[in-house]
Structure formats: C-alpha cells, structure tokens
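Good morning, colleagues. Please bring up the sequence and the coordinates on your screens, and I shall then begin.

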Amino acid sequence: MTFKEKIYSHYLQMVQDRIDVFRDMISALTEDSKNDAKGSAGDKHETALSMMHIEQEKLTNKLKEAISQKAVLDKIEASKSTENIVLGSLVKANGIYLYLSVALPKITIDGINVIALSPQSPLGNHLMGNKVGFEFEINKTHYTIESVL
C-alpha cells in the first residue's frame, strides 16, 4: 500500500468510525426515550424527553455531516496520481503534506504528519488545478508546491 493509499484508508476508517458512533448514540437515545416513557409522568418526564430530542437532533446533524464527508472520500481514487492537483491529491508544500479531500483532523502516517483539507478552504482553493513549482501567498505566508502525488 502506498503512502497516499495509507492516508486515504486511515481517513476513510476515521469517518466510518464516527458514523458508527453517532448511529449507536442515536440508537441508545431512542431506546432511553422509550424506556423513560414507560416509567415517568409529569413535567420532569416532558423536560427529559425534550432534552433527549434536542440531543438526538444534534447527533443526527453530526451524522449527516460525517455521511457527507464519507461521500466525498468515496469519490476519491487513492491509487490515481495526476500532474495537476485534484480532489484526492497529496501535495507537499513548504515541507507540509496536505491531503485534498475534506477537512479532517491532522494524522501521522509512517512518522509523517498529514493535514486533510477541503478544496473549498482558502489554501485548498489556491492549490486546486496547479502543478509542482506553483507559488502563491496566503496571509503573508509564501507557499511553493514541491510535489503532487
């Protein structure tokens, strides 16, 4: 497995794990609300149900976000390399590895830090479509694309 494929696989697993956790939490809340409905009465019961419903909505929104992140990752062909930077490219700029996919936490693969960023982010937007040697500046920081995988 190439370095780029390891990164892709790690991020895909990370997003899938988040989806699973959110689904489990939503399921547990649904079960709790059913059990609470059997044994409670009055205002406290209504408040508890309302709080559970609000929490369930928050988790559902986080689940939707994770599912949309996975949909973007699913479009990426990890084994494909291009000269121009596209969705799924691994770019080295200023000694930093940037993975153009979705905004996700920084990871370390084979002792190398990798930052996943969205093509819609300011940095991602400058990178998209460019090649090795392209130079640009964001917030007074000068960037040079060193490699594209």
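Tyr97 has a relative accessible area of 17%, which is under the 20% limit, and therefore counts as buried. I should say at once that this is a predicted model, so every value I quote is computed from it.

Let me stay with Tyr97 and ask which residues it meets. A search of the whole structure finds four aromatic pairs. In one of these, the rings of Phe3 and Tyr97 have centres 5.6 Å apart and planes at 80°, so the arrangement is edge-to-face. Phe3 belongs to helix H1 and Tyr97 to strand S2, which spans residues 96-100, so the pair ties together parts that are 94 residues apart in sequence. Phe3 also counts as buried, at 18% relative accessibility.

A second link runs between helix H1 and strand S2. The ring centres of Tyr11 and Tyr99 lie 6.2 Å apart and the planes meet at 5°, so this pair is stacked. Tyr11 lies in H1 and Tyr99 in S2, so the pair ties together parts that are 88 residues apart in sequence. Both Tyr11 and Tyr99 are buried. Elsewhere, ring pairs link Phe134, Phe136 and Tyr143 into a cluster.

I turn now to the sheet. In what order do the six strands of the open sheet lie? The order is S3-S4-S2-S1-S6-S5, and the pairing is mixed. S3 and strand S5, residues 135-138, are the edge strands, each pairing on one side only. On average, neighbouring strands of this sheet are turned by 35° against each other, with direction ignored.

On one side, S2 pairs with strand S1, residues 90-93, in the antiparallel sense over four bridges. Here Tyr97 returns, as the bridge partner of Lys92. S1 and S2 form a hairpin with two residues between them, and Asn94 in the turn has a positive phi of about 55°. On the other side, S2 runs parallel to strand S4, residues 112-117, and four bridges join the two. Within S4, Val114 is the bridge partner of Tyr97.

Lys92 likewise has a further partner. S1 pairs with strand S6, residues 141-148, in the antiparallel sense over three bridges, and Lys92 stands opposite Ser147 in S6.

Next, a charged residue in helix H1, which covers residues 3-39: Lys4. What is the nearest side chain of opposite charge to Lys4, and how far away is it? It is Glu5, at 8.5 Å, and Lys4 is buried yet has no salt bridge. Leaving aside neighbours within four places in sequence, Lys4 is in contact with Ala78, Lys80, Ser81, Gly88, Ser89, Leu90, Tyr99 and Leu149. One of these contacts, Tyr99, is the residue whose ring stacks with that of Tyr11.

Finally, consider Ala103, in the loop between S2 and strand S3, residues 104-109. Is Ala103 buried or exposed? Its relative accessibility is 53%, so Ala103 counts as exposed. Not counting residues up to four places away in sequence, Ala103 touches Gln69, Ala116, Leu117 and Ser118. Ala103 and Ser121 are 18 residues apart in sequence, with a C-alpha to C-alpha separation of 8.4 Å.

To close, I return to Tyr97: this buried residue pairs edge-to-face with Phe3, and has bridge partners in Lys92 and Val114. Thank you for your attention.

Definitions and conventions:
Residues numbered from 1 in each chain as written. Predicted model: local features only at pLDDT ≥ 70, side-chain atom pairs only at ≥ 80, totals over all residues. Heavy atoms only, no water. Buried < 20%, exposed > 50% of the residue type's maximum accessible area, 1.4 Å probe, protein only. Lys, Arg positive; Asp, Glu negative; His and termini not counted. Salt bridge = Lys/Arg side-chain N within 4 Å of Asp/Glu carboxyl O. Contact = heavy atoms within 4.5 Å. Phe/Tyr/Trp six-rings, centres within 6.5 Å; stacked < 30°, edge-to-face > 60°. Pairing = 2+ DSSP bridges. Axes fitted to C-alpha atoms, helices over the stretch in contact; angles between N-to-C directions.
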